[in-house]
Amino acid sequence: MSTPTALKVSLPTVDGGQAPHTMHEPIDYPKHPAPFTSRRVLAAAHVVADTRGNYTPGEVPPIDWEATIAFRKHLFSYGIGIAEAMDTTERGPGGLNWTQAQELIRLGVAAAKEAGAAVVAGAGTDQLTTAKPELGAVVDAYLEQLEFVEQHGSAAVIRASHALAAAATSSEDYLSVYGQVLSKASRPAIVHWLGTGFDPSLAGYWGHDDVMAAMDVVVQMARENADHLEGIKFSLLDHELEKEFRRRLPESVKVFTGDDYGYTDLLLGDDTHHSHGLLGVLDPIAPIASSGFAALDAGDKESFEEIMNRSIPMAVKMFERPADRYKVGCVFVAWLSGHQNHFRMVTGREGLRSLQHLSNLFRLTDELGLFPDPELAAHRMQLLLSMDGVR
């Protein structure tokens, strides 16, 4: 349903023309401050840059901590927990360094605990500066971050490591490193299997380019460390592979889907297996996803499927290849929604998506009724269009 004033925005089309878009009324998605019971639901949430700082992209960026934590409280109000300091935070080269990630983990975990929200936090090796470290140094770096995460009251997500990829020469090296790290975890951890669709530089991770051979290694790792694992985050963007992976894992080890293209079916599952949610797309779609998971908690699978499927076209657009640029969309939607006062990214990479992509994402988000203030969203979209030469 359109707004009473029939507010319109003229959006560019692929043929070089323009077409009017009529803004929709916002949908009042009910708040749900308690975590869900049928699935673990965690958003990999973005970080808000502080644009007032004198910052050169590629250097250590200033962070607006107040706005960053306020956005997490928005997620918590819909029952969405956080996977803190993950890839969506632009952690790594040109983005958050380990010192900033520590502050983010400290603040984010504390906010989650105060809200009674679910929380995990990323532990990696990004404090290493050597291009090709020894395996022992990789283990030590992981353990330093694991200890920090757990000291602040969170279980860890063991992030994929570029340092390990550089140091390892075989699948046995991966099994050894993950075994040593997980053996020290005092809380069941999540291991992140990050595919080349999100990070092409991780080709050959787990010691194999062939995905089925890599899966054999991950399954072996899970079996050997099941007592220290809550689950594996599977970010390979392949439905059938994820289903096969679920079937092969020990019963106690969960799969957290990272499939931002088709999460509905994977979360719903079948009579024997289902995935849990640890997704970057939950950052922008928290209100509608909350209604879906509430329906699933109530045993209404049909409503869950219908609600979540409505969000898929937006997700597919946001995560279109190259998929790692989805972070632009998270910040863009947050700005249009009034959760932050600018469209700038921590890494300065907001220009990595075309105006046509952003226009389509704007339209799809509005059609879901996700803009709390359509007038504000339309105004900000028009500012972006004008700045980019569209009148």
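Let's start with two residues that are both buried: W193 and F245. Keep in mind as you look around that this is a predicted model. The rings of W193 and F245 sit with their centres 5.5 Å apart and their planes at 75°, so this pair is called edge-to-face; the label applies to planes over 60 degrees apart. Now find where the two partners live. W193 belongs to strand β7 (residues 189-194), while F245 belongs to helix α7 (residues 239-248). They are 52 residues apart, and the pair links distant parts of the chain.

What about F293 and F304? They make an aromatic pair too, this time a tilted one, with 5.6 Å from centre to centre and 55° between the planes. F293 is in helix α9 (residues 282-297) and F304 is in helix α10 (residues 301-318), so their pairing ties together parts 11 residues apart in sequence. Are these two buried or exposed? F293 has 0% relative accessibility, so it counts as buried. F304 also comes out at 0%, and therefore counts as buried as well.

Those pairs have company: searching the whole structure turns up 18 aromatic pairs. Some rings join up into a group, too. Y142, Y174, Y178, Y205 and W206 are linked by ring pairs into a cluster.

Hang on to W206, as that residue shows up again in the nonpolar core. The largest such core contains 125 residues, and the ones with the most contacts inside it are I158, W206 and F332. Which helix gives this core its largest share? That's helix α11 (residues 326-336), with nine residues. Zoom in on F332 and you'll find that it touches F343, L358, L361, F362, M381 and L384, leaving aside residues up to four places away in sequence. There is also a second, separate core of 11 residues, with A44, V157, F256 and L278 among them.

Finally, let's see how two helices pack. Two packed helices are described by the angle and the distance between their axes. For helix α1 (residues 65-76) and helix α2 (residues 98-115), the axes come within 10 Å and cross at roughly 35°. The crossing of α1 past α2 is right-handed. On the α1 side, the contact is made by W65, T68, I69, R72 and F76. The α2 side brings Q100, E103, L104, L107, G108, A111, A112 and A115. Sort the residues of this contact between α1 and α2 by type and you get eight nonpolar, three polar and two charged.

Notes
Residues numbered from 1 in each chain as written. Predicted model: local features only at pLDDT ≥ 70, side-chain atom pairs only at ≥ 80, totals over all residues. Heavy atoms only, no water. Phe/Tyr/Trp six-rings, centres within 6.5 Å; stacked < 30°, edge-to-face > 60°. Helix = DSSP H or I, 4+ residues; strand = E, 2+ residues; numbered from the N terminus. Buried < 20%, exposed > 50% of the residue type's maximum accessible area, 1.4 Å probe, protein only. Axes fitted to C-alpha atoms, helices over the stretch in contact; angles between N-to-C directions. Left-handed = near helix turned anticlockwise from the far one by under 90°. Contact = heavy atoms within 4.5 Å. Nonpolar A, V, L, I, M, F, W, Y, C, P; charged D, E, K, R; others polar. Core = buried A, V, L, I, M, F, W, Y, C linked by side-chain atoms within 4.5 Å.
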